[in-house]
Amino acid sequence: MRGYFGIGSEGLSKAHNLGVILRTGHAFGASFAFTIGSQLEDKDVRQTDTSGSASHLPYYRWPEFDPTRFPEGCVLVGVELTDDAVSLPSFRHPLNAAYILGPEKGSLSQPVQDACAHIVKIPTAFCLNVGLAAALTLYDRSILFGGHAPRPLVQRKRGYSGVKKTTGIGKNG
């Protein structure tokens, strides 16, 4: 995958959600993870972060938001369900980015939203679980930067090779 990215959240209150975000970030190749204003116990987070991400990527716990903590050239992308947010399937991810998700019961603070170069939303009727939102956002990024083959114009049936099998007997022979 090209570029780098970090994943994190502001104001998380549930350790299992942080564990899912860390595991998801690790699985998709995040360069770092972070929380802003969260006080969660490591032992509780490890129950859902079964990949042991703490051994594989830097994790920063910041008591308050400060945009100067992010690497130079890192574009901040808020993931939030707002009226003016860009729909995720239409969003062109920056090469170097930090994705900031809101808390479980609330929204990204106004200072965080103001600091973000982009606000994106997952096009659903209502908010999703923050861990699921992280996974969908990083999956979308991996489609763009992951070096995957383009999708075919026609989907073939499973097990169909496109070659007609012949038996060597009768009409097929």
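**Figure legends: close-up views of a predicted model**

**View 1. Cys74 is buried, with a relative accessible area of 13%, in a model that contains 0 disulfides.** Buried here means under 20% relative accessible area, exposed means over 50%, and partly exposed covers the values in between, as computed with a 1.4 Å probe and with protein chains only. The structure is a predicted model, in which local features need pLDDT of at least 70 and side-chain atom pairs count only at pLDDT 80 or more, whereas totals for chains, interfaces and linings use all residues. Residues are numbered from 1 along each chain as its sequence is written, and side-chain values use heavy atoms, with hydrogens and water left out. A disulfide is a covalent bond between the sulfur atoms of two cysteines, and the criterion applied is a pair of cysteine sulfur atoms within 2.5 Å. By this rule the count is 0 disulfides; for Cys74, the nearest cysteine sulfur belongs to Cys116 and is 10 Å away. The sulfur of Cys127 also has that of Cys116 as its closest cysteine sulfur, but at 16 Å, which is too far for a bond. Cys127 is exposed, because its relative accessible area is 52%.

**View 2. Helix α1 and the elements that pack against its buried residues.** Helices (DSSP runs of H or I, at least four residues) and strands (runs of E, at least two residues) are numbered from the N terminus. The expected span of a helix is 1.5 Å times one less than its number of residues; the 13 residues of α1, residues 15-27, should therefore span 18 Å, and the end C-alpha atoms are indeed 18 Å apart. The buried residues of α1 are Ala15, Asn17, Leu18, Gly19, Ile21, Leu22, Thr24 and Gly25, and they pack against β1 (4-10), β2 (32-36), α2 (42-45), β3 (59-62) and α4 (130-145). Gly29, which follows α1, has a positive phi near 90°. Ser53, in the loop between α2 and β3, counts as buried because its relative accessibility is 2%. Leaving aside neighbours within four places in sequence, Ser53 is in contact (heavy atoms within 4.5 Å) with Leu22 and His26.

**View 3. Helix α4, its buried residues and a nonpolar surface patch that includes Leu132.** The 16 residues of α4 should span 22 Å, and the computed distance of 23 Å between the end C-alpha atoms agrees with this. Val130, Gly131, Ala133, Ala134, Thr137, Leu138, Asp140, Arg141, Ser142 and Phe145 are buried in α4, where the buried residues pack against β1, α1, β4 (75-79) and β6 (96-101). On the surface, Leu128, Leu132 and Leu136 form a nonpolar patch with about 210 Å² of accessible area together. Patches are made of residues with over 30% relative accessible area and no salt bridge, like charges being joined within 9 Å and nonpolar side chains (Val, Leu, Ile, Met, Phe, Trp, Tyr) within 5 Å. Accessible areas come from the Shrake-Rupley method with a 1.4 Å probe, and for residues only the protein chains shown count as cover. Leu132, which is found in α4, counts as partly exposed because its relative accessibility is 41%. Asn129 lies in the loop between β7 (118-121) and α4, and at 39% relative accessibility Asn129 counts as partly exposed.

**View 4. The salt bridge between Glu64 and Arg69, shown with Phe65 in the loop between β3 and β4.** A salt bridge is a side-chain nitrogen of Lys or Arg within 4 Å of a carboxyl oxygen of Asp or Glu, and the structure holds 1 such pair. The closest N and O atoms of Glu64 and Arg69 are 3.2 Å apart. Glu64 is partly exposed, with a relative accessible area of 44%, and Arg69 is likewise partly exposed, at 30%. Phe65, by contrast, is buried, because its relative accessible area is 18%. Not counting residues up to four places away in sequence, Phe65 touches Ile36, Phe70, Leu76, Ile100, Pro111, Val112 and Ala115.

**View 5. The surroundings of Val79 in strand β4.** Val79 counts as buried because its relative accessibility is 9%. With neighbours within four places in sequence left aside, Val79 is in contact with Ile100, Leu101, Gly102, Leu108, Val120 and Thr137. Val79 and Cys116 are 37 residues apart along the chain, while their C-alpha atoms are separated by 9.6 Å.
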